Amino acid sequence: MKILSLFFLLTLSFCFSNAQAQSFRGLDKSPLDVAYFPDNFAHDRKAGDEPVMKVTYSRPQKNNREVAGNLIPYGKVWRTGANEATEIKLFKDVTFAGKKLAKGTYSVFSIPSESEWTIIFSSDLDYWGAYKYDESNDVLRVSTKASKGSKSVEAFTIQFEQDGSGKGVMKMAWDEVLVELPFTY
């Protein structure tokens, strides 16, 4: 009986030590973030409220690097963030820069230039980066102006601003780059 008990305890301690030895990869250098419209929807939600859209993206850091034209390459498709391609979930039909996009979930890619960005909404989901970007999956492309922001932003950021009833602006900023994409819903 003692041998059986000892065997059981040794087996149990081996299993416990094995469970303790599990390892996890380190923290991501470009943490995941979520932006809602209306801004801060999940935090401020009241009964009966419904969001218009939700963007899930990773936030690359400037880290004393040159962003415009370098980390954000001009004239090339960019994943609009870091890691997995940015995704936007529309809870209702939304019109971006005068062009209608149906309710649904899309990847968001960009083609930046110094003064204008082309924002691409793609039906192709769940890809790392823009390495397998396929233009044939584009659902909508819109152009919007890029400008110099009032201050440098360390981590790529997407936020929304209400611009009256049924209107808003999706703002993307990193370093001194500011892109504003107006929309209605």
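Visitor: Why is F183 called buried?

Guide: In this predicted model, F183 has a relative accessible area of 3%. Buried means under 20%, so F183 meets the criterion.

Visitor: Why is Y185 called partly exposed?

Guide: The relative accessible area of Y185 is 35%. Buried requires a value under 20% and exposed a value over 50%, with partly exposed in between; Y185 therefore counts as partly exposed.

Visitor: What makes the pair of F183 and Y185 tilted?

Guide: The ring centres of F183 and Y185 lie 6.4 Å apart, with the planes at 40°. Rings pair if their centres lie within 6.5 Å, and planes under 30 degrees apart count as stacked, over 60 as edge-to-face and the rest as tilted. The angle of 40° falls in the remaining class, so the pair is tilted.

Visitor: What makes F160 and F183 an edge-to-face pair?

Guide: By the aromatic rule the count comes to 14 pairs. One of them joins F160 and F183, at 6.0 Å centre to centre and 85° between the planes. Centres within 6.5 Å make a pair and planes over 60 degrees apart make it edge-to-face, so both conditions are met. F160 lies in strand β8 and F183 in strand β9, 23 residues apart, and the pair links distant parts of the chain. Both F160 and F183 are buried.

Visitor: Which residues do ring pairs link into a cluster with F160 and F183?

Guide: The cluster also includes F37, F96, F121 and Y185.

Visitor: What is notable about the peptide bond between F37 and P38?

Guide: The bond that joins F37 and P38 is cis, with omega of about 5°. Most peptide bonds are trans. P38 is found in the loop between β1 (32-37) and α2 (41-44).

Visitor: Which phi value does N63 have, and is N63 buried or partly exposed?

Guide: N63 has a positive phi of about 45° although it is not a glycine. Most residues other than glycine have a negative phi. N63 is found in the loop between β2 (53-58) and β3 (86-90). Its relative accessibility of 49% lies under the limit of 50% above which a residue is exposed, and not under the 20% for buried, so N63 counts as partly exposed.

Visitor: Why does D175 count as buried?

Guide: The relative accessibility of D175 is 14%. That value is under 20%, so D175 counts as buried. D175 is found in strand β9, and its phi is near 55°, a positive value in a residue other than glycine.

Visitor: Why is T118 called buried, and what does T118 touch?

Guide: T118 has a relative accessible area of 17%. Because buried means under 20%, T118 qualifies. T118 lies in strand β7 (residues 116-122). Not counting residues up to four places away in sequence, T118 touches F109, S110, I111, R141, V142 and S143.

Visitor: Which residues lie closest to the centre of the largest pocket, and what is the volume of that pocket?

Guide: The largest pocket has a volume of about 200 Å³. Of its 13 lining residues, the closest to the centre are K151, V153, K171, A173 and L178. The elements that give two or more residues to this lining are β8 (138-162) and β9 (167-184), and β8 gives the most, with seven residues. By class, the lining divides into five nonpolar, four polar and four charged residues.

Visitor: How many cavities of 30 Å³ or more does a search of the whole structure find, and which residues line the largest cavity?

Guide: The search finds one cavity of 30 Å³ or more. About 30 Å³ of space lies in the largest cavity, which is lined by F109, D124, Y127, W128, G129, A130, Y131, K132 and Y133. Its lining has six nonpolar, one polar and two charged residues. Gly counts among the polar residues, so G129 belongs to that class.

Visitor: What secondary structure does the protein chain have, and how much of the chain is buried?

Guide: The protein chain has two helices and nine strands, in the order α-β-α-β-β-β-β-β-β-β-β from the N terminus on. Of its 185 residues, 37% count as buried. The protein chain exposes about 11500 Å², and carbon and sulfur atoms supply 52% of it.

Technical notes: Residues numbered from 1 in each chain as written. Predicted model: local features only at pLDDT ≥ 70, side-chain atom pairs only at ≥ 80, totals over all residues. Heavy atoms only, no water. Helix = DSSP H or I, 4+ residues; strand = E, 2+ residues; numbered from the N terminus. Buried < 20%, exposed > 50% of the residue type's maximum accessible area, 1.4 Å probe, protein only. Contact = heavy atoms within 4.5 Å. 1 Å grid on protein atoms, 1.4 Å probe; cavity = no way out; pocket = protein on both sides within 12 Å on 5 of 7 lines; lining within 4 Å. Points joined across faces, edges and corners; volume = space filled by probe spheres on them. Areas by Shrake-Rupley, 256 points an atom, 1.4 Å probe, with all protein chains shown as cover.
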